[in-house]
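Reader: Hi! Could you walk me through this structure in simple words?

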Amino acid sequence: MTFLPDQWLPQADALAGKTILVTGAGDGIGKAAALSFAQHGAEVLLLGRTEAKLEAVYDTIVAEGGVEPGIIPTDLAKAGHDDLIALAGELSSSIPKLDGLLHNASILGDRKPLAQTSAALWHQVMQVNVNATFMLTQALLPMLEQALLASVVFTSSGVGRRGRAFWGAYAVSKFATEGLMQVLADELGAISNIRVNSLNPGAVNTTMRRTAYPAEPPTTNPNPEALMQHWLYLMSDDSKDINGQALSVQS
Ligand code: NAP
């Protein structure tokens, strides 16, 4: 069941005046979200590990007449607490508030039984999918608090809500993501302007999906662009009363 209100469509300027940071903004769902947010008036901050991909998204936004985005080349696999605090400090010196934070970057790791999952891979997946997500959220909370209404969206997965064989560290990292969302939403719900939810995109035609299911024809699943109204809704003020929910794009 979709959480979108019946017949909800975004206004052309639904995100005008908002600044939204998207992680993993260079490809897949994050790229589509960044472009879509910009098309609806937002200033988008593009965080990702491959600068050339971020620059390509930047160029598209500018060519489409969007608000000039920011580029934040950051490898979340290597980012520590001090790095992310410094990043937030730099941002806050030029940007007064953050209205949205889409935690989208993730890595799949290996599709293997847990018995064969190396500790190194486990740590790598947890670093990108959980630890960096936690540290970045914490670092950006003061900027989110400056917004009239702010939305934090964590990206989950079906295997983060019900464990499945061979999804290993990735699945466990998504359970942790759900936990992070629930604890933060409960902490902030009553005392702040910040709402916090998780979103499971379902099967979407991206590099990650094609890697996880190499034998599946890519056309089996929707392209990210076709689903963007869900992300737009969660970043728009129309979703201001939704907090602490584990939401899904596709039933
Ligand atoms: P994707 O195509 O693999 O894109 C992931 C993005 O994250 C890429 O831009 C990637 O950067 C970035 N990224 C990965 N590691 C990073 C790091 N260390 N530092 C900074 N950025 C990093 O994946 P996707 O399918 O769009 O997935 C987006 C989100 O949806 C993920 O959280 C995923 O778990 C979730 N999800 C996807 C599906 C699906 O069917 N696609 C289903 C359920 C959940 P590069 O471009 O440099 O590689």
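Author: Happy to; we can go through some helices, the ligand and a few single residues.

Author: This is a predicted model, in which local features need pLDDT of at least 70 and side-chain atom pairs count only at pLDDT 80 or more, while totals for chains, interfaces and linings use all residues. Residues are numbered from 1 along each chain as its sequence is written, and side-chain values use heavy atoms, with hydrogens and water left out.

Reader: Cool. Which residues of H3 are buried?

Author: Leu-84, Leu-87, Ala-88 and Leu-91 are buried in H3. They cover an arc of only 95° around the axis, so they sit on the same side of H3. That arc is taken from the directions from the helix axis to the C-beta atoms. Buried means under 20% relative accessible area, exposed means over 50%, and partly exposed is in between (1.4 Å probe, protein chains only). Helices (H or I, at least four residues) and strands (E, at least two) are DSSP runs, numbered from the N terminus.

Reader: Why would residues three or four places apart point the same way?

Author: An α-helix has 3.6 residues a turn, so residues three or four places apart point the same way.

Reader: And which exposed residues are on the face turned away from the buried side of H3?

Author: That face carries Asp-82, Glu-90 and Ser-93.

Reader: What do the buried ones pack against?

Author: The buried residues of H3 pack against strands S1 (19–23), S2 (43–48) and S3 (70–73), and against helix H4 (119–145). Contact here means heavy atoms within 4.5 Å.

Reader: How far apart are the end C-alpha atoms of H3?

Author: They are 21 Å apart, which agrees with the 20 Å that its 14 residues (81–94) should span at 1.5 Å a residue. The expected span is 1.5 Å times one less than the number of residues.

Reader: Switching topic: which residues come nearest to the ligand?

Author: Of the 32 residues around the ligand, Thr-50, Lys-53, Asn-104, Tyr-170 and Thr-206 come nearest. A residue counts as near if one of its heavy atoms lies within 4 Å.

Reader: Which polar atoms lie by an oxygen atom of the ligand?

Author: A polar side-chain atom of Tyr-170 is 2.5 Å from a ligand oxygen, and a polar backbone atom of Val-204 is 2.9 Å from an oxygen atom of the ligand. The protein covers 93% of the 900 Å² of accessible area that the ligand has on its own. Such areas come from the Shrake-Rupley method with a 1.4 Å probe; for residues, only the protein chains shown count as cover.

Reader: Tyr-170 again! What does H5 pack against with its buried residues?

Author: Tyr-170 is one of the buried residues of H5. The buried residues of that helix pack against H4, strand S5 (150–155), S6, helix H6 (207–212) and strand S7 (246–248).

Reader: Now Ile-61: buried or exposed?

Author: Ile-61 is buried, with a relative accessible area of 1%. Ile-61 is found in helix H2 (residues 51–63). Not counting residues up to four places away in sequence, Ile-61 touches Ala-34, Leu-35, Ala-38, Leu-46, Gly-66, Val-67 and Pro-69.

Reader: And where is Phe-166?

Author: Phe-166 is in the loop between S5 and H5. Phe-166 is partly exposed, with a relative accessible area of 48%, and has a positive phi of about 75° although it is not a glycine.

Reader: Last one: where is Gln-7?

Author: Gln-7 is in the segment before S1. Gln-7 is exposed, with a relative accessible area of 73%, and its phi is near 65°, a positive value in a residue other than glycine.

Definitions and conventions
Polar contact = N/O pair within 3.5 Å; in protein donor to acceptor, adjacent residues only side chain to side chain.
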